[in-house]
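Student: I'm new to this structure and would like a close look at a single part of it. Could you walk me through that part and how it fits with the rest?

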Amino acid sequence: MEQIELNDGDIILREGAPSDYVYRILAGDVEIYSEQRGENIILGTLDPGDFLGEMGIIERRPRSASARAKGPATIEKLERWEFIQLISDSPVSVHRLIERLSERLRYVSQRLARVSAERGTDEDSSSAYDQPVASQGPV
């Protein structure tokens, strides 16, 4: 594990990049964003104790969003095996991870339902639940 000190605006990870590491926020805040049509869309802010980049590690897929420090911050960089060991050995860490992933899923589901209602269509509202979960072997 490597501890990294960040300044305001420092980029931690970029959307589409390989998912090589997980980060745990030790101090400060991290802003998650996605570039859409040349504009940065803020997806949320993570706090101390939160993991960052875990989705790509778990799914073995490229980064789904970008992240930058929102003010001074300290993060801990974990290799994949360190992250797996940490959540395997720490019920508190795995509970926090599941809780945050659940919050994100709930937020996205509610937002998708609102957008679908505004457009007067429900064609996309169930697509996330209809997709099979691709098994890529053990995490």
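Student: Let's take Phe83: is it buried or exposed, and why does it count that way?

Tutor: Happy to help! This is a predicted model, so please read every value below as computed from that prediction. Phe83 counts as buried, because its relative accessibility is 0% and the cut-off for buried is under 20%.

Now let's see what Phe83 does with its ring. The structure holds 1 aromatic pair, and Phe83 forms it with Phe51. The two ring centres are 5.3 Å apart and the planes meet at 75°, so the pair is edge-to-face; angles over 60 degrees get that name. The partner is tucked away too: Phe51 has a relative accessible area of 3% and is buried.

Where do the two rings sit along the chain? Phe83 belongs to helix α2 (residues 80–89), while Phe51 is in strand β5 (residues 51–52). The pair therefore ties together parts that are 32 residues apart in sequence.

Both of these elements also turn up in the surroundings of helix α3. In α3, the buried residues are Ser93, Leu97, Arg100 and Ser116. Their cover includes α2 and β5, along with β3 (21–36), β4 (39–46) and α1 (54–59). An α-helix has 3.6 residues a turn, so residues three or four places apart point the same way. Helix α3 itself covers residues 91–119, which is 29 residues. At 1.5 Å a residue it should span 42 Å, and its end C-alpha atoms are 42 Å apart, so the two agree. Just after α3 comes Gly120, with a positive phi near 75°.

Two other rings have a charged neighbour. The charged end of Lys77 sits over the ring of Tyr21, 4.0 Å from its centre. Arg68 likewise lies over the face of Tyr33, at 4.0 Å from the ring centre.

Finally, let's step back to the whole protein. It has 4 helices and 6 strands, and from the N terminus on they run β-β-β-β-β-α-β-α-α-α. Of its 139 residues, 31% are buried, and Phe51 and Phe83 belong to that buried set. Among contacts with a separation of 6 or more, 72% are between residues 24 or more positions apart. The accessible surface comes to about 9100 Å², and carbon and sulfur atoms account for 50% of that.

How values were computed
Residues are numbered from 1 along each chain as its sequence is written. This is a predicted model: local features need pLDDT of at least 70, side-chain atom pairs count only at pLDDT 80 or more; totals for chains, interfaces and linings use all residues. Side-chain values use heavy atoms; hydrogens and water are left out. Rings of Phe, Tyr and Trp (its six-membered ring) pair if their centres lie within 6.5 Å; planes under 30 degrees apart count as stacked, over 60 as edge-to-face and the rest as tilted. Helices (H or I, at least four residues) and strands (E, at least two) are DSSP runs, numbered from the N terminus. Buried means under 20% relative accessible area, exposed over 50%, partly exposed in between (1.4 Å probe, protein chains only). A charge sits over a ring if NZ of Lys or CZ of Arg is within 6 Å of the ring centre and within 35 degrees of the ring normal. Contact means heavy atoms within 4.5 Å. Accessible areas come from the Shrake-Rupley method with a 1.4 Å probe; for residues, only the protein chains shown count as cover. The expected span of a helix is 1.5 Å times one less than its number of residues.
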